[in-house]
Amino acid sequence: MARNQNPHAIIFPYPLQGHVIPAVNLAMKLASKGLTITFVNTHSIHHQTSKANTNGNPNHHDLFAAVKDSGLDIRYTTVSDGLPVEYDRSLNHDEFMESLLHFMSAHVEELVAKIVKSSDPPVTCLIADTFFVWASTIADKFGLLWASFWTETALVFTLYYHMDLLRDNGHFDSNDGRKDPIDYVPGVEAIDPKDTASYLQEADTSTVLHKILFKMFHDVKNADSVLCNTVEELEPNVIAALQAHQPFYAIGPLFPFRLAKGPVATSLWPESDCTHWLQSKPHGSVLYASFGSYAHVTERDLVEIANGLLLSKVSFIWVLRPDIVSSEDVDPLPIGFREGVGDRGLIVPWCCQTQVLAHPAIGGFLTHCGWNSILESLWFEVPLLCFPLLTDQFTNRKIVVDDWMVGINLTDQKVITKEEVSKNVNRLMDGKLGDQLKAALREVNLKLEDALKPNGSSEKNIECFVNDLVVRK
């Protein structure tokens, strides 16, 4: 591709950690294929990531500066999400979502107009996270191709995609509230309603999140293409059914240069280095626990998990970000917990998850079942202990435990107890069950590895997407 013929895509990641990470990796992947990329973070995400990753300097302007020497043409800028940078988005979730729904689009339109007017090569494509409700309008206004970027599984996508079908059959937004398996969604084997995303299980569908879901899945059916951070061989029937409607490219797992620590700052908090502590622990003996970057844990559940870890006698690293219960409760651990654990446990506010999972001392991962965490655990063949909290995590748990059998549940009860936590931590870390899980993990891992090979499905799908941009620009 000649330099002046490069397609130019603007990428807008949704302003949450779990969405920014794969978007950054997508940007580098597409740039490595010859595309010019303009990557747009919100002011808030830029402020947090630059403060956390550039020696505390929130004025570090280009988070992609480190990759410029590799020849990647990635430009970087920021946009307002409609709220002041200092606003506590974690504590005021609904107000944050309302701003993304109603106010962000005006700032985006102004920025896109400026980029379109001044860019060389000309902008040809808008790649926006599916959760943005303004993408179709902005793309139409500026005559751009629109690729919707989905950071979760194809299964979750298709369940949302068929919300009308679920409603018509009484499984969603219905007084009937059917509890029998859903067995009529194209490409989907029967699935229990309790294993669908949390927003599909809720009786109140008037929330701001539901407004966003209804709008985005009404619009996404008109996208020129959908890019999905999954692997074709992991979800073949679901993806084939979606491809009957529109171009749907499985391009995952989107990792930074084969899972080395990425050169682009994506972490919202400073990362603690756990390597020295891990070096002192036997092979496969440490449980890594993290509940991701956004979902909250109730104080009661957190206390039971803490006491369960104490009972288990297993060594662990536990990531407890400052707002895990609430940004108004900075230390929700039981009194005396840290002293009781001693050197058996390392508690940090944040860390580089891929570096920890890659360490040979890690033998299991207690996780909220975020999709990025699952993909990383699969890559490093670390068995999962599942504790879903929100949104797609319930469906991801079902895939991990029931379909792939690469993990177990932290609890099978509605009320979590320290005894059950201790029992299941020890089950996961036990040799016999651990060996069974690792055998299943190896099979799934091979599908990820194969997908990223030069002739692998994900590599071919991203080439197909790029070629389509070249033809249509």
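## Exercises on loops, helices and sheets

Pro121 is found in the loop between helix 4 (104-118) and strand 4 (125-129); helices (H or I, at least four residues) and strands (E, at least two) are DSSP runs, numbered from the N terminus. The model is predicted, so local features need pLDDT of at least 70 and side-chain atom pairs count only at pLDDT 80 or more, while totals for chains, interfaces and linings use all residues. Residues are numbered from 1 along each chain as its sequence is written, and side-chain values use heavy atoms, with hydrogens and water left out.

**Exercise 1.** Identify the residue joined to Pro121 by a cis peptide bond, and locate the proline that a cis peptide bond joins to Gly252.

Solution.
- Step 1. Asp120 is joined to Pro121 by a cis peptide bond, with omega about 0°.
- Step 2. Between Gly252 and Pro253 the peptide bond is also cis, and its omega is about -5°.
- Step 3. Pro253 belongs to the loop between strand 7 (248-250) and helix 11 (275-279).

**Exercise 2.** Determine where Glu381 and Thr391 lie, and state whether each is buried, partly exposed or exposed.

Solution.
- Step 1. Most residues other than glycine have a negative phi, and most peptide bonds are trans.
- Step 2. Glu381, a residue other than glycine, has a positive phi near 55°. The loop between helix 15 and strand 12 contains Glu381.
- Step 3. Thr391 is not a glycine either, yet its phi is positive, about 45°. Thr391 is located in the loop between strand 12 and helix 16.
- Step 4. Buried means under 20% relative accessible area, exposed over 50%, and partly exposed in between (1.4 Å probe, protein chains only).
- Step 5. Glu381, with a relative accessible area of 22%, is partly exposed. Thr391, at 12%, is buried.

**Exercise 3.** Describe how helix 1 (residues 17-32) packs with helix 19 (residues 457-472), and classify the residues of the contact.

Solution.
- Step 1. Two packed helices are described by the angle between their axes and the distance between the axes. Axes are lines fitted to C-alpha atoms, for helices over the stretch in contact, and angles run from 0 to 180 degrees between N-to-C directions.
- Step 2. For helix 1 and helix 19 the angle is about 70°, and the axes are 11 Å apart.
- Step 3. The two helices are therefore roughly perpendicular to each other (under 35 degrees counts as roughly parallel, over 145 as roughly antiparallel, 65 to 115 as roughly perpendicular and the rest as oblique).
- Step 4. Contact means heavy atoms within 4.5 Å. Leu26, Lys29 and Leu30 of helix 1 make the contact with Glu459, Ile462, Phe465 and Val466 of helix 19.
- Step 5. These residues comprise five nonpolar, no polar and two charged (Ala, Val, Leu, Ile, Met, Phe, Trp, Tyr, Cys and Pro count as nonpolar, Asp, Glu, Lys and Arg as charged, and the others, Gly among them, as polar).

**Exercise 4.** Establish the strand order and edges of the sheet of seven strands, and relate helix 1 to strand 2.

Solution.
- Step 1. The sheet is open, with the order 3-2-1-4-5-6-7 and parallel pairing; two strands pair if DSSP finds at least two bridges between them.
- Step 2. Strand 3 (74-79) and strand 7 are at the edges with a single partner strand each, so one side of each has no neighbour in the sheet. From one strand to the next, the twist averages 20°.
- Step 3. Four bridges link strand 5 (residues 145-150) and strand 6 (residues 225-228) in the parallel sense. Ser148 is opposite Val226 in strand 6.
- Step 4. Helix 1 runs at about 165° to strand 2 (36-42) and lies across several strands, including strand 1 (8-12).

**Exercise 5.** Analyse the sheet of six strands, the setting of Thr367 and the covering of helix 15.

Solution.
- Step 1. This open sheet has the order 10-9-8-11-12-13, with parallel pairing. Strand 10 (345-348) and strand 13 (407-409) are the edge strands, each pairing on one side only.
- Step 2. Strand 9 (residues 315-319) pairs with strand 10 in the parallel sense over four bridges. Trp318 is opposite Ile347 in strand 10.
- Step 3. Thr367 is part of strand 11 and is buried, with a relative accessible area of 0%. Residues that Thr367 touches, not counting those up to four places away in sequence, include Ser290, Phe291 and Ser373.
- Step 4. Helix 15 (residues 371-379) is mostly covered, with nine of its nine residues buried. Among the buried residues of helix 15 are Trp371, Ser373 and Trp379.
- Step 5. The cover over the buried residues of helix 15 includes helix 1, strand 11 (362-367) and helix 18 (431-451).
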